[in-house]
Amino acid sequence: MPFNAARTGLAPHTRRFFTLSLLAASIGVVAQAMAAPAVDRSVKVDESVYEIAFNPATDAVYAAITGSRDAEAENAVKPGIVALDAETLDEVDKILTGDVIPFGIAINHATQKLYAADTKNGQVGVYNIDTGEEVARIENPGETSDQLRQVAVDEDSNTVYVSAVGGMSRGDEEGPESAIWVIDGESDTLESIIVDPVKTAAGLALDAANQRLYVSDMATSDIAEIDLESQEVLRTFSAVELNDNDPDAKPAPFDTVNLELDADNGILYAINQKTGGVSIIDVESGEIETTVSTGDGALSARLHPQTGDLYVANRGDGTVSIIDADSRYVTAHLGTGTHPQTIAIAPDTGNVYVSNKAKGKDRHGPADAPTPVEPGGNTVTRITP
C-alpha cells in the first residue's frame with residue numbers, strides 16, 4: 001500500500017481532493033492575512049460629534065455630542081454622549097449631560113466611569129456608564145485656564161488628568177496660564193493643578209508604569225515630560241524638525257496638537273497639524289528619529305494594540321492614514337468622512353472607529369441659511385484592519 005494511503009486510509013482520488021482543499025485553505029489564510037484595511041460602515045450621529053472612546057465592558061463606542069448651536073431651537077439636539085453598538089453602530093443609549101457640553105472624553109474601564117471635558121464652560125462631568133447618572137462635576141477653582149481639552153486616565157492609581165489650554169493673549173490682556181488638572185478618581189474631586197507645564201497645553205500621553213505624563217505645547221511645538229509623583233517638569237524636547245541651514249527657523253504656530261505613546265518600545269508620536277504629519281520620537285533621548293507625512297491637518301492618532309500600526313486622523317483632507325509599525329511608511333489613506341477628529345480601537349476585534357465632524361453652516365452667514373447636505377459629516381466610521 002502506498003505510504004499516503006496507509007497514512008490517510010483514503011482512496012487516491014479522495015486524497016487528491018483533500019490536498020487541494022488544504023491548498024485552497026492555505027491560500028485563503030494568506031489572502032486574509034494580506035487583506036487591506038477598509039472602511040466597512042459609517043453612520044450618522046447627532047450634531048457636532050467630537051471625541052470617541054471604546055468600552056470593552058459594554059462592547060460599545062461612546063461619542064461626545066456638543067449639540068445644536070442654537071440650544072433653544074425647536075428641534076435642537078441636546079448635548080450628551082451617545083453609545084453605539086460596536087458591531088452594528090446602532091445607537092443603543094445616550095447619556096444626557098445637561099449644561100455640561102462634552103468635547104474630550106475618556107473611560108476608566110476599571111470603575112466604569114466616563115469623564116467628559118467641557119471646553120466652553122471649564123468643567124468635567126463624571127458619569128456612571130451603567131446608569132448614565134452624573135456622579136460628580138468638577139470646576140476650576142483657580143486662576144489658570146478653564147479651556148479644557150483632553151482627558152487621560154491612569155486606571156492603576158485611579159487618577160484622571162485633564163489638559164487646560166492657556167497662554168494665549170486676549171486683546172491687550174495676557175490670558176490665563178495653561179494647566180493640568182489632577183483628579184482623584186475615588187472621590188472625583190480636584191486633587192491638584194500642575195500650573196504652566198508648557199505655554200499652551202494641548203495633547204496628553206500617559207506612561208502609567210513610569211508615572212510620566214507627556215504634554216504637547218501648541219505654541220512652541222515642544223513636549224514637556226512631567227514626573228507625576230513630584231508634579232514637576234523634568235525636561236522639554238522639540239516635536240518638529242527645523243531647517244538646520246536657516247538660523248531663524250521657528251516651529252509653525254499651533255502645529256503639534258496631540259500625542260500618542262508606545263510605552264513598550266519607548267516611542268512617542270507627535271501629531272503635527274500645520275505640517276500634516278507625525279514626528280516619531282525616541283523617548284529616552286528626546287530625539288526625532290523620523291517624520292512621516294500623512295495628510296492635511298493631521299490631528300490625532302491611536303496605536304493599534306494588535307499590529308502596532310499608527311492610525312492618524314487627517315482633519316483637513318478627510319482621511320485616516322496608517323503608518324506601518326516596522327517600515328514607518330504610510331500603507332493606506334482611507335476616506336472616512338468630512339473632518340476626521342479622533343480614533344478609538346476595540347482591543348479584541350481590532351476594529352478601528354473614527355469620529356468625523358461636519359463643516360456645517362458658514363458661521364458668518366445668515367441664521368436662516370439652510371444646513372448643507374453633508375453625508376460624511378457628523379458620522380462615526382468603522383475600519384476593519
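How many salt bridges does a search of the whole structure find? I ran that search first, keeping in mind that this is a predicted model, and the search returned nine salt bridges.

**Entry: the whole chain**

Before turning to single pairs I looked up the overall make-up, and I noted two helices and 28 strands in the protein. Of the 385 residues, 49% are buried, and the accessible surface comes to about 18,700 Å², with 48% of that surface belonging to carbon and sulfur atoms. I then took the contacts between residues at least 6 apart in sequence, and found that 44% of these join residues at least 24 apart.

**Entry: K113 and D188**

I looked up K113 and found that it forms a salt bridge with D188, in which the closest N and O atoms are 2.7 Å apart. This pair links distant parts of the chain, since K113 belongs to strand β7 (residues 113–118) while D188 sits in the loop between β12 and β13 (189–195), 75 residues apart. Are K113 and D188 buried or exposed? I found both K113 and D188 to be buried.

**Entry: R212 and D227**

Next I checked R212, whose side chain meets that of D227 in a salt bridge at 2.8 Å, N to O. R212 is in strand β15 (residues 212–217) and D227 is in strand β16 (residues 222–227), so this pair ties together parts of the chain that are 15 residues apart in sequence. I recorded the two partners separately for burial: R212 is partly exposed, at a relative accessible area of 24%, whereas D227 is buried, at 14%. D227 counts as buried because its 14% falls under the 20% limit for that class.

**Entry: E289 and R328**

I then looked up E289, which forms a salt bridge with R328, and noted 2.6 Å between the closest N and O atoms. Which parts of the chain does this pair tie together? E289 lies in strand β21 (residues 288–293) and R328 in the loop between β24 (319–323) and β25 (330–335), so the parts joined are 39 residues apart in sequence. E289 is partly exposed, with a relative accessible area of 40%, and R328 also counts as partly exposed, at 26% relative accessibility.

**Entry: a network, and a patch**

I also noted that D99, E134 and R137 are linked in a network of salt bridges. Turning to charges on the surface, I found a positive patch formed by R69, K120, K361 and R363. For K361 I looked up the place in the chain, which is the loop between β27 (352–357) and β28 (379–384), and its relative accessibility of 30%, at which K361 counts as partly exposed.

**Entry: S178**

Where in the chain is S178 found? I located S178 in the loop between β11 (159–165) and β12 (179–184), and I recorded this residue as buried, with a relative accessible area of 0%. Leaving aside neighbours within four places in sequence, I listed the contacts of S178, which are with A164, V165, G166 and G167, and with I194, V195, D196, P197, V198, K199, T200 and A201. For V198 I also looked up the separation from S178: the two are 20 residues apart in sequence, and their C-alpha atoms are 6.8 Å apart in space.

Conventions. Residues numbered from 1 in each chain as written. Predicted model: local features only at pLDDT ≥ 70, side-chain atom pairs only at ≥ 80, totals over all residues. Heavy atoms only, no water. Patch = residues over 30% accessible without salt bridge, like charges linked within 9 Å, V, L, I, M, F, W, Y side chains within 5 Å. Areas by Shrake-Rupley, 256 points an atom, 1.4 Å probe, with all protein chains shown as cover. Salt bridge = Lys/Arg side-chain N within 4 Å of Asp/Glu carboxyl O. Lys, Arg positive; Asp, Glu negative; His and termini not counted. Charge placed at Lys NZ, Arg CZ, Asp CG, Glu CD. Helix = DSSP H or I, 4+ residues; strand = E, 2+ residues; numbered from the N terminus. Buried < 20%, exposed > 50% of the residue type's maximum accessible area, 1.4 Å probe, protein only. Contact = heavy atoms within 4.5 Å.
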